[in-house]
Amino acid sequence: MSSNSTPSGLKKFENGFIRISGNRLLLTLRDTFVLVAATTMIAGFGIMIQNVIVDPMNGLIFGKQGLQLGRLISGSWATWQQSGFEHGLQIVANLIALVSNGILNFFRFASSSNFQLESLNQIL
């Protein structure tokens, strides 16, 4: 088949696919989705770890409704609440909550209609 002949069905498909995949709007939407989805998943995992594992009073590992490892470690709930380990877990849980909420609030701020890249550059 010569190069001047009518393109085959596969060649037409390839030409159409290249034209669609080169669309800058679609590329921007893909990049935006990846950025927002990845950080939102990280924040979600952080919240899950905070509520399930690290939370010293209500979590499923140390809390009263879970495995009750806090009571087993210290002997009673009163001594568990006064222990330094419980206080340390509470600090870690609060830090995870701050980071997770910060990530989610940043994207809420970024998606607002008043947000412009220039304002972000001034902040940074």
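When I speak of contact today, I mean heavy atoms within 4.5 Å. With that in mind, and remembering that what we have in front of us is a predicted model, let me begin at methionine 57, which, leaving aside its neighbours within four places in sequence, is in contact with Gly63, Lys64, Trp80, Gln81 and Glu86.

Methionine 57 also belongs to the largest nonpolar core, which has seven residues in all, the others being Val54, Phe62, Trp77, Trp80, Leu89 and Ala93. Helix H4, residues 77–82, and helix H5, residues 84–110, each supply at least two residues of this core.

Val54 takes us to helix H2, which covers residues 24–54. This helix has 31 residues and reaches 43 Å from its first C-alpha to its last, close to the 45 Å expected at 1.5 Å a residue. Within H2, Thr39, Ala43, Gly46, Gln50 and Val54 are buried. It may help to recall that an α-helix has 3.6 residues a turn, so residues three or four places apart point the same way.

Let me turn now to the rings, where a search of the whole structure finds three aromatic pairs. One of them is formed by phenylalanine 62 and tryptophan 80, which are stacked, at 5.6 Å centre to centre and with 15° between the planes. This pair links distant parts of the chain, since phenylalanine 62 sits in the loop between H2 and helix H3, tryptophan 80 sits in helix H4, and they are 18 residues apart. Phenylalanine 62 is buried, with a relative accessible area of 10%, and tryptophan 80, at 1%, counts as buried too. Ring pairs link Phe62, Trp80 and Phe85 into a cluster.

Finally, lysine 64 lies over the face of tryptophan 77, at 5.7 Å from the ring centre.

Terms used
Residues are numbered from 1 along each chain as its sequence is written. This is a predicted model: local features need pLDDT of at least 70, side-chain atom pairs count only at pLDDT 80 or more; totals for chains, interfaces and linings use all residues. Side-chain values use heavy atoms; hydrogens and water are left out. Helices (H or I, at least four residues) and strands (E, at least two) are DSSP runs, numbered from the N terminus. The expected span of a helix is 1.5 Å times one less than its number of residues. Buried means under 20% relative accessible area, exposed over 50%, partly exposed in between (1.4 Å probe, protein chains only). A nonpolar core is a set of buried Ala, Val, Leu, Ile, Met, Phe, Trp, Tyr and Cys residues joined through side-chain atoms within 4.5 Å. Rings of Phe, Tyr and Trp (its six-membered ring) pair if their centres lie within 6.5 Å; planes under 30 degrees apart count as stacked, over 60 as edge-to-face and the rest as tilted. A charge sits over a ring if NZ of Lys or CZ of Arg is within 6 Å of the ring centre and within 35 degrees of the ring normal.
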